[in-house]
Structure formats: C-alpha cells, structure tokens
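Trainee: I am new to this structure and would like to go through it in questions and answers. Where should we start?

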Amino acid sequence: MYQVDYGSNIQYRVLVSGLLGLGIKFGAADIISLCLYLAVTVGTASVLGCFLLCLQAARTFLSDGDDLVQKEVDTTGSSTRFKNHYLNKAISILSSNILNGTHDDSFDLETLEEPFFSNKFVALINVLSGYRIEENMKCIVFVKRITVARAIARILQNLKCLDFWKCEFLVGCHSGPKNMSRNKMDAIVEKFSSGEVNLLIATSVGEEGLDIQTCCLVVRFDLPETVASFIQSRGRARMTKSKYVILLERGNHSQEKLLNDYIDGEIIMNGEIDFRTSNDMFEYLEENTYQVNNTGASISTACSVSLLHRYCYNLPKDMFFNPSPAFIYIDDTEGIICRVILPPNAAFRQVDGQSCQSNDEAKRDACLKACMQLHELGALTDFLLPGSGSRKNKVSTTNGSTNNKHEDDLREELHEMLTPTVLKPSKWELDCLLNLHFYYVQFIPIPADRHYRIFGLFVINPLPTEAEKLEVDLHLARGRIVKAGMRYLGTISFNEEQMVLARNFQEMFLKILLDRSEFTVSHVMLGNDETLHINSSFYLLLPIKQELYGDIFMIDWPTIERCLSSPIFKNPTGVSMNGAYLPDESLRLLDNIYNKTDVVGSLIFAPHNKTFFVIDDILDELNARSEYGGATYEEHYKDRFLINLSHPEQPLLRAKQLFNLHNLLHDRLRETTGRELMEHFVELPPELCTMKIIGFSKDICSSLSLLPSLMCRLENLLVAIELKEAMLSSFSEASQISASGILEALTTERCLERISLERFEVLGDAFLKYIVGRHNFISYEGLDEGQLTSRRSAVVNNSNLYELSIRRNLQVYIRDQHFEPTQFIALGRPCKVVCNADTEVSIHPKNMNSDRQENCNLRCTKSHHWLHRKTIADVVESLVGAFLVEGGFKAAFAFLHWVGIDVDFEDSSFYRVLDGSSINLSLMNHTNVAELEELIGYNFKFKGLILEAFVHPSFNKHSGGCYQKLEFLGDAVLEYLITSYLYSSYPDLTPGQITDLKSLAGQ
C-alpha cells in the first residue's frame, strides 16, 4: 500500500494570488492556475489530463499573434514581461524530462516543482519503475474516469524511462462520446494477451466480463467504489508472487477507513461462504441451464434476461419503433408466472414461464425459456448470440470491410484457359494414312461484291453437332460483314505426301499472315521447325474446289502444290534463271523473268516501299510512260522514290496491298458510318516487284483474312459445349440450353465482341436474390428481416460465388481476352512461350501497369490469363440468367443446385408460413380487406398475409407479426419482375440502362 504526501501548495497559491492581485486579465494564467490548482489540491489523476492542457495553453497564449491574448493582456510593459516570465516558466517545467524521458534506471521527480505535478502520479511512476528487470511482466492500473485513463496512458507512452512498459488505455463501449468501440476493446485485450501490450490503464470495465489474462501487478490509482470492485480488481493479480497496490493519500483517514471497510466486508462474505450448509440454490441453477451440444455454449437463468434484451436490441428499428421485451406477471395457485411478450418483428410473440416464488425468479425463468425457443428457431446462433443478420453487426461489418471486399473483387489471379478437347492432337504418324473429318467453310459477304475462295476444315475428331451449325458474323471495316458457317462433308484420307503438303501450306499462309517479315529474304524454309509437332490443337485449313457437276468438294491440291513450288521455298543454289524475255508471254521482275500466267494471282514484295501486294491482273493498256497525276508513272517513281525505271515499256501490274490481320469478332458496326463498296488497287511497274508465292491469289488472301477469327469463335464454342456436357452429366435440364447461350454467359466485355455476359448477369443477379430470399423466407421462420438479408448476402455475395465457381472449375471456361491475331496458335505456328513453374512468374508478372501490358495477354503453352475474382463470380450469375432465359425456372434451379446453392424448401415449411398467417386475422376489424381486394382485383386465400403486410412493428395490440419480413421478400420479387420485364421487352438495352430503369421503377 502506497501513501502519498501531496505536500504544501503555499508557494503556488502565492503565485496565483500575486497574479490576481495585480488585476491582470490574464486568460492563460487563469487556465493554467485552475488546472494545476485542481491537480494539486484534489490530488487525483482525474484531472491529470489538465497537465497536457496546461502545456498547450501556455504555448498558445505565449504566441505573439494570439488575438485573444492581445485583448486580455494589459499593454503595460511590466505586465507583459511578468506574463511572459510566468508562461516561459510554465512551459519550461511542463515540457521538462517528464515528457522527454531519460535512459537512466530512475530519475528524480522531486526536482519538479510543486504544484506543476501531482505526487500521486509520481508514486505511480515509482511503482512502475521498480519492475524494469522483471520478465513477462503485465500490469493493470485501475482508475475511475475515462479522461484519467486517457491522460495517464498518453503520458506513460511518452516517458522514455518507462519504455519497457507498452501502454494502452481500456474503457467501456457505452461511455458517452469518449467511449471505445467493441472491436477496439477486443483488439486491445488481444494485444494484452499476446504481450504486445503489457500495461493497461483501465476503468471498471477491466474488472470483470473480459477475458483478460492475470497479471503480476495490479494498481488501484483510484479507490474502488464497492467491495465487489475491490475483490474483482484484486482478482486480476492471481499470478505467483503478484502484487496488489492501492494508492492512498497520507493522513487521509476517510480513505483508510474505506479501505478497511472493504477488507472487513470481504472477511464477512468469506465467512458466509464457509459456513453455508444448503445446496438448494446450486441445484436450482443446475436445473435451469440451457446448453448447446455442438458448441458447448450455455446460458443460465442469471444471464437470460440480458441476452433477451440484447436480442431485441438487435432487431430492426426505426425512428418510430425501438424494440424491447415486455413482462406480465400472472398470479397462479402455485406461485407467479411471467409472460414475456416480444416485439412484432421477433421470431415469436410470447412465451410463459413456470410458476415461481418471486417476480424476479419468474422473469428469469421465462427469459430462459424464450432464449431456448429463439435458438431452436435459429434467431440465436449455436453460440447463443444474436445472428450475424442483426442490425448492429451488419453496420460494423459493412463499415469495416467495404474496402477490403472491393480490393478482393479487383484482385487478379492467374488461371489456365481450357483448350477444346476435340481439337487436341492424337498420336499420328506421317507415314500412315489419316482419315480426317471434312467441314466446308462458307463465306457470304454483305454486300455481295467480294469473292472469297472456299476453304475446308479438317480435324481428327468429329465436331459436336452444335459446332457444325456454327454461324458467325465477321465484321470488316466500314460496316462490311461476312457471314461464315460450316457444313459437314464426311471424311477424307491423307497419305504421307499429302499430309506434308497440307502442313507446309498451313505453315506458309500463317507466316504470310502473321510473320511476313520472314518473306523479305530470298529463301524460306518450311517444315523445319521441331516445335511444329508440339501443339495445343490440331486442324488443317486448306483451299477446296467443287466439281463441275454435283455437290462434291475436294481439296485443291494443284493450288497447294503450285504455291509450295515457288522459288522462295527452293534451295537458292538449285534455282536457275528463266529463259529469254518474251514481251507477249513474260515479264521482267526485280529478281527474275516470270511467265505472265505465274505473275497474275501471285504474292510479290516491293522493296522500294517494303510492302507486300497480291497481283490481280496485268494492265496491258498501261505502262510506265502512261499519264499519272499530271505526269507519267516513270516520272512519279523518279521524283518520289529516286528510281530510274529500266523497262518502262512493260505493262503495269494491278495490285492490292496485302492486309494486316484484324480481330473480326469485334463489333465495328457501331464505329462506322458508311461502307466502302470499291476495292482499292494500285499500279506497279513489274521491275520493282520481287516474286514470293506463285498462285497465292486475291480470293485466297481474302478468305485467309477471315479464318483466324472464325477459328477463335469455333474454339470458344467448343469450350462452351464441353461445359454443357459436364453439366449434362449431372443434371438433364442442361440439355435445354444452347451452347451459344453458354458461350455468351462465359464471354466478358473485355473480349469486345457483340456477345457479352453482362445482360445475362443483370438478370441472373436479380433472380438469384429473389430465389435465395424466397428460400430463406420460407425455411427460416425465426430470422428477422436483418438476419434474412444477411443470410441471403452470405449466399449471393461475390466471395461465395467465387468459391462456388472455383469448386466447379468454371474459371477455365471463361473467355476474358479479346482475340489478338498476333497470338493466333495453330498447326504450323506453335506457341513458343513455354510456361512452367520456373518461368511462370517472369512470363506473367503480377501487378502489371495498365499502361504497359505487353505480357498481360501473352499466350503461353498453358494458355494462362489473368482473371478478376469478381469476373469469376459474375459468371455464376450470368449462367443463372442463361438457364433462366432458355430453360425456365426448373433449369435455373437445377443449375443452382449443381453449383452448390440450395434453393429448395420443404412443402411443410411453405404451408407453415401460410397457416401461421392466420394469427393476424384478429386485425380484420382494423383493415377493410374486401375493399382492398376489389381495388387491386385479386382475392387473397390467406388473408392473414395481406393483413400482416400493413402492420408496422410499433403496433403491438395484436399477437401477430409485422410487415418487415414480407417487405424483404417483396423487394426481391419486385426487383426480379422489373428486371425480367426490361430484359425481355427491350433487347437493345444495355445492362447499365436496365439497372437505371430498374432503380427508377423501384422508387
């Protein structure tokens, strides 16, 4: 026990009196004097916060620019000097080493002049200083007031001499404006348990009720107010050799007497316990305890009343209604019965307890029975606490985790994209015959003023029926469209030589389309890349021709052989110059003399502008001496390119520049205003052209410009078909949805195509909220509106949908990247970015800057791509919408069950809701139901439901419920109906427009 001598304050009073006697209106001195006077004369840390206030006031009022000081202070020189002397003295003392601290083991606090410091606080510092060498030390200092706790903690945190104490303050969560949130209280207690904090400055909240570990030192800075407080605070010092210290004012007999009374009271209480002979009370408590088996949580009659009040406090409330239980006591022959009446929005309305001997006993018994029933109905969790749907918990959760949830939604993860199984290569040998499935690829241009060479698709495995019916619009520049489709023509056999030709032809045109820089040299090797056999998919695209009579198609081998026999593919040492130049039959090109029939329909390279052209015709009526732009072609090339033509007499070539490959799945209709109906050609002198590929005609080039985009859509459709087959193996309702509908539900806006999951997702989101809300409304009768909302949110939130999607491996089917032609992979152009555990991080770096995303879409051998977690969650909602549109409720239910969302309910639960509404029929005299039914044109079979819909929870003159749960269900129904109507009636509305209109209609 410490006894503190507060000492004399005569010198201080003389200082203050001197100031007042001078008659100076000195605001700073008044404030400092008052604060320090209280600190000295009262002698309690309840004004310790004034210590820092003094320092702040002194510094503020010493400022030259302080208008308040200028108004209050006499302008005489002596008064000003006296004021400055006083304030400088105060600042010097208040900012001394008490705040700066010292690294010595101890320091002399007595050097601080009274009254600038309280001796009681000095005694506390001395007590705490004595534990510098202790290991695993923990201490609690108990005070009466919140301001004291805050002030002491603030000062101790800044004392370097006590830096071995890690200090925090702990106050109650219902203590007015300076209270502490429950989350912060729990965090501080957790830090104290772990040792991160080892000194707590606590109010009475630390005496009981919190799981605070025992300490080696407990200090009562302020005396306890009751015997219970004395015993409970001392109980925190239960460690071996722990100490319990009480600070008393030396010579204060009233404080000493109060402490002795506490000690005597404890002795009396211990004596009562030692000499008690009856065990009836314990037996009674044993019989009136309710325990949850799976968690071990229990509640007795002693805690039942507070728990019931807490449950009611967490019910939804508004400015007109504050829910709380009511108690009615009924005299019975065997005693007193307590009837608990709960608010209208509670899980039930009333319950009666057992007969008891007193009102308090009856109240506790009835509350325990009510808590048991609330737990059975699900209104209390298995830990016997109000469910997570309570108003209070919802608010704190939302405020505390919104940012984290948003960050989770935006977080990207690396996932593989599925390669269609039907296109994966099988083991095959070039020296044996291969039977490939043959599909005719047809192009229909709109407008029909272009000619496209027909091609065939050849695959090892037959395509699914839905893939055979593929139809896709390919969007060219300026609003032009080419409708592409396929038709199955059977099988065709390849021998070894034909397979080599087919593979080399595909490698050739892929190089021309995507790697044409390789053709600027004089020689190109084909079929020499060992990686050509390592592909993620196998198919061939070859030109075909139709027999003159009948519907018979065959591979155009002559065209393939003619292209592959071009000089550029031959060994340069074996290539000889052609014979003599014949003006009527041949042309002099830059590299050689060629027959005119070989020049027409060939691919050439013009070195003067480094451009590839396809020769469409020979213009016999034009040569280099013909007029061009007010001059001649010969003069044009001399002036612009500094080229002197050697053979100006040769006819010019009509050429079309070779296209750059584009993503033709991108919707260009909205970006263009007109159409270019005429093709653009240029005239070239033959001697400026180098021959590259003979027989590579304009119509072949036009078709090749379409094929990569068509194959991209085919691969995506095959992936959607695989997902459909996976779902079909689990539930038959998957047959009701088309593969194209599934593909739309898997395609995000980032693909920049005409199809997108956005509209499906808006519809699926509204339907999911409705159907999960309906399930909760019917299945969980004990939950209030807030708990129902929380339970629904736990199902439909992005985190849960993400987990469900990952569980069903939906992420591998998602198409989230626009088609990039430069990364087109096929037989003849394999992927050379080998991805494995060692190279994955460097190939696909995290946190890529949005302005530098060169590697974000880099295609690797595992087809990795970055996906937002929200995108993976959105796919669940979009698939719900797709099933709903094409298969109806039953198909949507089947999909939800497959993905892991339970929306079914027992018939008995449904009829329980209907039958339970009859309790509201007592309100028939308050509401004219017949008039209401006539007004809306519908007769209710269960009139108790419509009556309940008009009852506010503040109306408690009946035994039924209120509108809140029906509002929860009705809100979801209304949102779904409006969304469904807008989706069906206005197919051109964007998802954003649907959302805006839905909000307006919902208001």
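Mentor: Start with a definition: buried means under 20% relative accessible area, exposed means over 50%, and partly exposed lies in between. Keep in mind that this is a predicted model.

Trainee: Is cysteine 367 buried or exposed?

Mentor: The relative accessible area of cysteine 367 is 0%. The cut-off for the lowest class is under 20%. Cysteine 367 is therefore buried.

Trainee: How many disulfides are there?

Mentor: A disulfide needs two cysteine sulfur atoms within 2.5 Å. For cysteine 367, the closest cysteine sulfur is that of cysteine 338, and at 6.2 Å it is too far for a bond. By this rule the number of disulfides is zero.

Trainee: What is the order of the strands in the open sheet of six strands?

Mentor: The pairing in this open sheet is antiparallel. Its edge strands, each pairing on one side only, are S15 (471–475) and S18 (553–555). From one strand to the next, the twist averages 40°. The order is S15-S16-S13-S14-S17-S18.

Trainee: Which residue in S17 stands opposite phenylalanine 458?

Mentor: Strand S14 (residues 455–459) pairs with strand S17 (residues 540–546) over four bridges, in the antiparallel sense. Within this pairing, leucine 457 has leucine 541 as its bridge partner in S17. The residue opposite phenylalanine 458 is leucine 540.

Trainee: Which residue stands opposite valine 459 in S14?

Mentor: S14 also pairs with strand S13 (residues 434–446), again antiparallel, over five bridges. The residue standing opposite valine 459 is histidine 437.

Trainee: How many residues of S14 are buried?

Mentor: On one side of S14, Phe455, Leu457 and Val459 are buried, and on the other side Gly456 and Phe458 are buried, so both faces are covered. The strand is largely enclosed by the rest of the structure because the number of its residues that are buried is five of the five.

Trainee: Which residue forms a salt bridge with arginine 220?

Mentor: Side chains of opposite charge can pair when their charged atoms come close. Here the closest N and O atoms are 3.0 Å apart, and a salt bridge requires them within 4 Å. Arginine 220 is buried at 3% relative accessible area. Its partner, 13 residues apart in the loop between S4 (199–202) and S5, is glutamate 207.

Trainee: Which helices hold glutamate 266 and arginine 234?

Mentor: The side chains of glutamate 266 and arginine 234 meet in a salt bridge, at 1.9 Å from N to O. Glutamate 266 counts as buried at 11% relative accessibility, whereas arginine 234 counts as partly exposed at 31%. The pair ties together parts that are 32 residues apart in sequence, because the two helices are H11 (residues 253–274) for glutamate 266 and H10 (residues 227–234) for arginine 234.

Trainee: How many residues apart are arginine 829 and aspartate 515?

Mentor: These two side chains meet in a salt bridge, at 3.0 Å from N to O. Arginine 829 is in the loop between H26 (798–807) and H27 (840–843), and aspartate 515 is in the loop between H17 (496–514) and S17. The pair links distant parts of the chain, and the separation is 314 residues.

Trainee: Which residues make the nonpolar surface patch of about 370 Å²?

Mentor: One member, isoleucine 936, belongs to helix H30 (residues 929–936). Isoleucine 936 counts as partly exposed at 48% relative accessibility. The residues making the patch are Leu935, Ile936 and Tyr938.

Definitions and conventions:
Residues numbered from 1 in each chain as written. Predicted model: local features only at pLDDT ≥ 70, side-chain atom pairs only at ≥ 80, totals over all residues. Heavy atoms only, no water. Patch = residues over 30% accessible without salt bridge, like charges linked within 9 Å, V, L, I, M, F, W, Y side chains within 5 Å. Areas by Shrake-Rupley, 256 points an atom, 1.4 Å probe, with all protein chains shown as cover. Buried < 20%, exposed > 50% of the residue type's maximum accessible area, 1.4 Å probe, protein only. Pairing = 2+ DSSP bridges. Axes fitted to C-alpha atoms, helices over the stretch in contact; angles between N-to-C directions.
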